[in-house]
Amino acid sequence: MSNTPVQSEPQQPAAEQDASTPYMRKIRSFVLREGRLTKGQQNALDNHWPAFGLCYQTSPLVLEQVFGRSAPVVLEIGFGMGKSLVEMAKNAPDKNFIGIEVHKPGVGACLGDAAAAGLTNLRLFEHDAVEILNDTIADESLDTVQLFFPDPWHKKRHHKRRIVQPDFVQLLRRKLKTDGVFHMATDWQNYAEHMLEVMQAAPGFVNVSASGDYVERPAHRPLTKFEQRGQRLGHGVWDLMFARKS
């Protein structure tokens, strides 16, 4: 996450973390690598953040006021450059979408694409997702949480940095509505197995998969260029979907 706010709206300091969730403060699941902004990305940040941008705050947002309507809410953690997020929002105008990304070039690229597509059902945060979920997203307000191709932290000594951990999953459980879905995808088999192990042990969740493990890529998740390249090289992709039941 960049410490430099977009435009002139300063980010507020994060609220004190509840003692029951120490993992989420001590270990980051991401490393901030500030790439250079292109001119187009900077222009998008300058021109389109007021329409699409949301800022971290220590009290929950009223999402009906944010979007000006009541509709199912899909939140994506780590949308990268935002191509698939914009496509999903364009293809599902009956839903509201929220994207969270810590890397400014990706936020700028997503803003530009969202504006070009004329979207009104998409909002973006440039901030740490755990802090947003803890403080800014109301409990039982989300219909879907998406986590697509997170950093796999493939070295064993770094596995503790993987975002899918028991504490994080229980945070999502609070934010999801009953029957709301946590949808994950990864192209690292070891991480897929880790996700499955964590989710199968997570109280309050039920696997949507009929086979008790993975699901086929649903039609609403776009096939990315990265994923297409991986398929040509024989790489696998694993989708997992778990529904909150209590």
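**View 1. The contacts around Phe205 in this predicted model.** Setting aside neighbours within four places in sequence, Phe205 touches Val169, Gln170, Arg173, Leu176, Phe182, Met199, Phe242, Ala243 and Arg244, where contact means heavy atoms within 4.5 Å. Phe205 sits in strand β7 (residues 205–207); strands here are DSSP runs of E with at least two residues, helices are runs of H or I with at least four, and both are numbered from the N terminus. With a relative accessible area of 9%, Phe205 is buried. The cut-offs are under 20% for buried, over 50% for exposed and partly exposed in between, using a 1.4 Å probe and protein chains only. One of the contacts, Phe182, is 23 residues away along the chain, and its C-alpha atom is 9.1 Å from that of Phe205.

Since this is a predicted model, local features need pLDDT of at least 70 and side-chain atom pairs count only at pLDDT 80 or more, while totals for chains, interfaces and linings use all residues. Residues are numbered from 1 along each chain as its sequence is written, and side-chain values use heavy atoms, with hydrogens and water left out.

**View 2. The open sheet and its edges.** Eight strands line up as β1-β4-β3-β2-β5-β6-β8-β7, with mixed pairing; two strands pair if DSSP finds at least two bridges between them. Why do β1 (53–54) and β7 count as edges? Each has a single partner strand, so one side of each has no neighbour in the sheet. Further in, β6 (residues 176–186) and β8 (residues 238–244) run antiparallel and are joined by six bridges. Phe182 has Phe242 of β8 as its bridge partner, and both of these residues are in contact with Phe205.

**View 3. Helices lying across the sheet.** Helix α2 (residues 39–52) lies across β1 and β4 (122–125), at about 110° to β4. Helix α6 lies across β2 (73–77), β3 (96–100), β4 and β5, at about 145° to β2. Axes are lines fitted to C-alpha atoms, for helices over the stretch in contact, and angles run from 0 to 180 degrees between N-to-C directions.

**View 4. Where α6 meets α7.** The axes of α6 (residues 129–136) and α7 (residues 166–175) come within 10 Å and cross at roughly 40°. That makes α6 oblique to α7: under 35 degrees counts as roughly parallel, over 145 as roughly antiparallel, 65 to 115 as roughly perpendicular and the rest as oblique. On the α6 side look for Val130, Leu133 and Asn134; on the α7 side, Phe168, Leu171, Leu172, Arg174 and Lys175. These contact residues split into five nonpolar, one polar and two charged. Ala, Val, Leu, Ile, Met, Phe, Trp, Tyr, Cys and Pro count as nonpolar, Asp, Glu, Lys and Arg as charged, and the others, Gly among them, as polar.

**View 5. How α4 packs against α5.** The axes of α4 (residues 83–91) and α5 (residues 104–116) come within 9 Å and cross at roughly 25°, which makes α4 roughly parallel to α5. Lys83, Leu85 and Val86 of α4 meet Cys110, Asp113 and Ala114 of α5. The tally is four nonpolar, no polar and two charged.

**View 6. Positive phi at Glu140 and Phe149.** Glu140, in the loop between α6 and β5 (142–148), has a phi near 55°, positive though the residue isn't glycine. Phe149, in the loop between β5 and α7, also isn't a glycine and has a positive phi of about 55°. Buried or partly exposed: which is Phe149? Phe149 is partly exposed at 21% relative accessible area, and Glu140 is partly exposed at 48%.
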